[in-house]
Amino acid sequence: MQEFRGTTICAVKKDGKIAIAGDGQVTMQNSVIFKGNAKKVRRIFDDKVIVGFAGSVADAFSLTERFEEMLNKYSGNLMRSSVALAELWRDDKIARKLDAMMIVADKNTLLILDGTGDVIEPEDNVCAIGSGGNYALAAAKALKQNTNLSAKEIAYRALKIASEICVYTNDNIIVEELGV
């Protein structure tokens with residue numbers, strides 16, 4: 001079975017706006033760039049929620065579908081839906097094997113959901129996941145602290161910097177933004 005992975009997702013909350021950026025690279029078995037223009041950041045729930053995912057592509061799609069089911073079940077409450085997905089992820093024998101992480105956001109809240117069933121709200125309103133996540137996180141924190149750039153521009157530039165360092169991240173960047 002072929003294993004497809006490799007991506008970077010970065011999110012920034014600033015000045016009433018939340019932006020999530022993701023690159024387009026899908027890597028096969030850590031050695032072949034299989035696709036360069038995958039869309040791993042998308043709007044769901046009538047465009048009110050943004051989801052960015054990293055990890056196994058099939059697992060990420062499965063989790064995104066399950067997350068949207070939870071949003072429908074809990075009337076769009078992002079925190080409640082995230083906790084419900086985390087509980088499912090942790091408790092379900094099949095879901096427990098899913099290999100992916102997600103960053104989710106609505107106009108007010110930014111969260112990381114991981115494969116161990118954790119729901120994490122970043123304390124400084126900046127987060128990143130995936131193979132180039134640490135590079136993007138460092139870049140986003142530096143840009144947020146030392147520039148007047150918007151959330152969208154910080155997320156984009158952080159991904160651009162990560163793409164110059166991480167071989168599993170490319171510069172085919174998609175950014176989605178919510179807020180006032």
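**Figure 1. Contact between helix 3 and helix 4.** Tyr-135, Ala-136, Ala-139, Ala-140, Leu-143 and Lys-144 of helix 3 meet a set of helix 4 residues made up of Ile-154, Arg-157, Ala-158, Ile-161 and Ala-162. Sorted by class, the residues of this contact are nine nonpolar, no polar and two charged. The model shown here and in the other views is predicted. The axes of the two helices, helix 3 and helix 4, come within 8 Å and cross at roughly 140°. Angles over 145 degrees would count as roughly antiparallel and those from 65 to 115 as roughly perpendicular, so helix 3 and helix 4 are oblique to each other. The crossing of helix 3 with helix 4 is right-handed.

**Figure 2. The open sheet of four strands.** The strands of this sheet follow the order 11-2-3-12, and their pairing is antiparallel. At the edges are strand 11, residues 126-130, and strand 12, residues 174-179, each of which pairs on one side only. On average, and with direction ignored, neighbouring strands of the sheet are turned by 10° against each other. Strand 2 (residues 8-14) and strand 3 (residues 17-22) run antiparallel and are joined by six bridges. Lys-14 stands opposite Lys-17, a residue of strand 3.

**Figure 3. Helices packed on the sheet.** Helix 3, which spans residues 133-146, packs on the sheet and touches strand 2 and strand 11. The direction of helix 3 makes about 165° with that of strand 11. Helix 4, residues 151-163, also packs on the sheet. Its contacts there are with strand 2, strand 3 and strand 12. The direction of helix 4 makes about 155° with that of strand 2.

**Figure 4. Contact between helix 1 and helix 2.** Helix 1 covers residues 57-73 and helix 2 covers residues 78-91. Their axes come within 9 Å, with a crossing angle of roughly 130°. Helix 1 and helix 2 are therefore oblique to each other, and their crossing is right-handed. On the helix 1 side, the residues in contact are Leu-63, Arg-66, Phe-67, Met-70 and Leu-71. They meet Leu-78, Ser-81, Ser-82, Ala-84, Leu-85, Leu-88 and Trp-89 in helix 2. By class, this contact of helix 1 with helix 2 has nine nonpolar, two polar and one charged residues.

**Figure 5. Two loop residues with positive phi.** Most residues other than glycine have a negative phi. Ser-75, in the loop between helix 1 and helix 2, has a positive phi near 50°. The relative accessibility of Ser-75 is 69%, so this residue counts as exposed. Asp-46 is found in the loop between strand 6 (41-44) and strand 7 (49-55). Phi of Asp-46 is also positive, with a value near 55°. Asp-46 has a relative accessibility of 66% and therefore counts as exposed.

**Figure 6. Glu-123 in the loop before strand 11.** Glu-123 is placed in the loop between strand 10 (119-120) and strand 11. With 81% relative accessibility, Glu-123 counts as exposed. Leu-110 is 13 residues apart from Glu-123 in sequence. In space, the C-alpha atoms of Glu-123 and Leu-110 are 9.9 Å apart.

How values were computed: Residues numbered from 1 in each chain as written. Predicted model: local features only at pLDDT ≥ 70, side-chain atom pairs only at ≥ 80, totals over all residues. Heavy atoms only, no water. Pairing = 2+ DSSP bridges. Axes fitted to C-alpha atoms, helices over the stretch in contact; angles between N-to-C directions. Contact = heavy atoms within 4.5 Å. Parallel < 35°, antiparallel > 145°, perpendicular 65-115°, else oblique. Left-handed = near helix turned anticlockwise from the far one by under 90°. Nonpolar A, V, L, I, M, F, W, Y, C, P; charged D, E, K, R; others polar. Buried < 20%, exposed > 50% of the residue type's maximum accessible area, 1.4 Å probe, protein only.
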